[in-house]
Structure formats: C-alpha cells, structure tokens
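Student: I'm new to this structure and would like to understand the words people use for it. Could we go through them together?

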Amino acid sequence: MPVTIRHRRAAAFAAPLVAILGLGLGGCDFDPTQIFAEKYKPEVVPDVPADKLYSDGLAKLEDSDYEGAVKKFDSLDKQYQYSDWSRKALLMTAYANYEGQKYDDAISASKRYLQRHPASKDAAYAQYLMAMSNYKQIPDVTRDQERSEKALASLQELVQKYPTSEYAADAKAKIQITRDQLAGKEMEVGRFYLERRNFPAAINRFRDVVAKYQTTRHAEEALERLTEAYWALGITQEAQNAAAVLGHNFPESSWYKDAHALLAQGGVEPREEKSSFLSKIYRTVTGKTASAE
C-alpha cells in the first residue's frame, strides 16, 4: 500500500522521537518522564530582617533615592504582612512617594493605610499626606479644578476627623487657600459670560461665589459684578440689594465705590431687601445686614 502524504509526515515526526527513545532501550531502568525534564537548582533567598529593610529604606530616603526607598518599604510590607513593621512600611511608602513627587502613588498608599489602620496613632498623618498630595497638584484657575475639589475634601476631612492633631492648623489655612482657588475659577467663568453679555449665566456664577465662598477675597468683586449684571438686565431692585450688601460688609472696598457710582448714574441708591438671597447669606455669615446701619 502506498504511503500517503499524511503518513509520510507522521513517520518523519516519529523518527527522531524513536531515535531518542532508543537511547534507553539497552537498559532496564529507562524513565521516559525524565526525557524533557529541566535540570535546575532551587535558589534559596535568605529572609532579610524587618529592621534591616526598614533601615535600608530610611537610608534611601536620606540619599533622596525615593524610588529606592519605596522598593524597600514595599518589600518590607509584603514580607512581614500583618505586623507592625508592615504598618510602618506602608506609611513610609506614602511619605517616600510624596517626597518623590509621585503624588497619585502617595494618595493610593495613604488610602490603603487608612483602610487598614483607621485607629492608628499615625492615621492623621496619613490623611495629611493624602490631602497634601492633592493640594500640591492644584492647577491655575484657567484649568479644570477637579484636583482642587479633591484637595478641599481631604483637607476638610482631616480637620473634621482629627481636629486636635498637629496638622489641623495647617489644614485650615490651606482650606482657605483652596476655597479661594475655586472661587477664582468661578469668577473667571462669570467674567467670560459678563463680557459676552450673557447676564443670566454670569449671575449664576457670581451667586455661586457668594453662596459658597463668601469669606474669600473674591466675594467683593462677585457682589459688584452682580450689581452690574442685574443693572444691565434692568432688575434694579436686585442691583440695589447687591450693592447694599457689598457696602455694608466691605465699606472701604473699591468695588463698592464702583457699584455705588453705577447706581448713581440711574438716580438710585443701594438698598437692602431683607428677604433676598444675598442678605440671608451674609446675615448667616456675619450676623449683620445692610439695614442695620
């Protein structure tokens, strides 16, 4: 019977295998399972003591080798899980990433620390590292402010959860700076609409500044811009009210002088409406109203 192509291929594949197997046919102790076995010698890696890994990590920090420090602390965390060394290593991982300006990695490590050790004596510091890592990434007011919002939230959480910690005072100062940043963004958008005579959109932005960020440096301008926008729409009473609230809370402000001059051109004066949105906002914040004078 002639050999088909398929038979030829099978024979060609089998020939070398038979040759290999034939090497052991002369003896009786042939073990076919060892034909393709790889010979290797297992490497024994000695355990590095926890204190040694920790010291090595600190040494890397001293040399400003933050990436090297992270590797040492990560190794310590993995090798000695569920120990106090692991807790220390995770916190130092967050710190090393922060110092190395790898802020997102620092945030991740800080979050893991807070999830694992919420009652730890160093929890406030982990929260501070997370907050500062967001704070360091705050962009200028021309860009999206998502990072500023995250920084504000994490700073406020620090003050709320750890009010007596040594980081609370710094967090409070940075909260004000972050709020000022967010107000600045709203003002930029509001001015954009005002210049294009889209007065309703501008009013919404300026009202947001007054409602959310009335203690920032942008509040004076926001009230004056509200006076402008309401006046341009012919809503005289609201324009008068905005100017009155501005004058009462910031009597020496150049923005109040501008608002007063604008109303004077139309023959009216600043006048407060007690039931107005603006009046209620500042009565809550300062306990005063424009009609108190």
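Tutor: Gladly! Let's start with a term we will need often: a residue is buried if its relative accessible area is under 20%, exposed if that area is over 50%, and partly exposed in between. Please keep in mind that this is a predicted model.

Student: Why is Lys185 called buried?

Tutor: Lys185 has a relative accessible area of 19%. The cut-off is under 20%, so Lys185 counts as buried.

Student: And what makes Glu188 partly exposed?

Tutor: The relative accessible area of Glu188 is 28%. That value falls between the 20% and 50% limits, so Glu188 is partly exposed.

Student: How do you know that Lys185 forms a salt bridge with Glu188?

Tutor: A salt bridge needs a side-chain nitrogen of Lys or Arg within 4 Å of a carboxyl oxygen of Asp or Glu. In this pair the closest N and O atoms are 3.3 Å apart, so the rule is met. Both residues lie in helix H8, three residues apart, which is about one turn of the helix.

Student: What makes Glu221 and Arg191 a salt bridge?

Tutor: Their side chains meet at 2.8 Å, N to O, and the limit is 4 Å. This pair links distant parts of the chain, with Glu221 in helix H10 and Arg191 in helix H8, 30 residues apart.

Student: Are these two partners buried or exposed, or in between?

Tutor: Glu221, at 9% relative accessibility, counts as buried. Arg191, at 25%, counts as partly exposed.

Student: Why are Glu195 and Arg196 called exposed?

Tutor: Exposed means over 50%. Glu195 is at 61% relative accessibility, so it counts as exposed, and Arg196 is at 52%, so it does too. Their side chains also meet in a salt bridge, at 3.6 Å from N to O.

Student: How many salt bridges are there by this rule?

Tutor: The count comes to 19 salt bridges. Some join into a network, which links Asp84, Arg87, Lys88, Lys121 and Asp122.

Student: What makes helix H10 largely enclosed by the rest of the structure?

Tutor: Ten of its 14 residues are buried, so that description fits H10. Among the buried ones are Ala219, Leu223, Leu226 and Tyr230. Helix H10 covers residues 219-232 and reaches 20 Å from its first C-alpha to its last, close to the 20 Å expected at 1.5 Å a residue. Just after H10, Gly234 takes a positive phi of about 80 degrees.

Student: Now for the rings. How many aromatic pairs are counted?

Tutor: The count is seven aromatic pairs. One of them, formed by Tyr128 and Tyr167, is stacked, with 4.9 Å centre to centre and 20 degrees between the planes.

Student: Why is that pair called stacked?

Tutor: Ring centres must lie within 6.5 Å, and planes under 30 degrees apart count as stacked. The pair has 4.9 Å and 20 degrees, so both conditions hold. Tyr128 is buried at 16% relative accessibility, and Tyr167 is buried at 18%. Elsewhere, ring pairs link Tyr54, Phe73 and Trp85 into a cluster.

Student: How do you know that the charged end of Arg207 sits over the ring of Phe277?

Tutor: The charged end of Arg207 is 4.1 Å from the ring centre of Phe277, and the distance limit is within 6 Å. In a similar way, Lys174 lies over the face of Tyr135, at 5.5 Å from the ring centre.

Note on methods
Residues numbered from 1 in each chain as written. Predicted model: local features only at pLDDT ≥ 70, side-chain atom pairs only at ≥ 80, totals over all residues. Heavy atoms only, no water. Phe/Tyr/Trp six-rings, centres within 6.5 Å; stacked < 30°, edge-to-face > 60°. Buried < 20%, exposed > 50% of the residue type's maximum accessible area, 1.4 Å probe, protein only. Lys NZ or Arg CZ within 6 Å of the ring centre and 35° of its normal. Helix = DSSP H or I, 4+ residues; strand = E, 2+ residues; numbered from the N terminus. Expected span 1.5 Å × (residues − 1).
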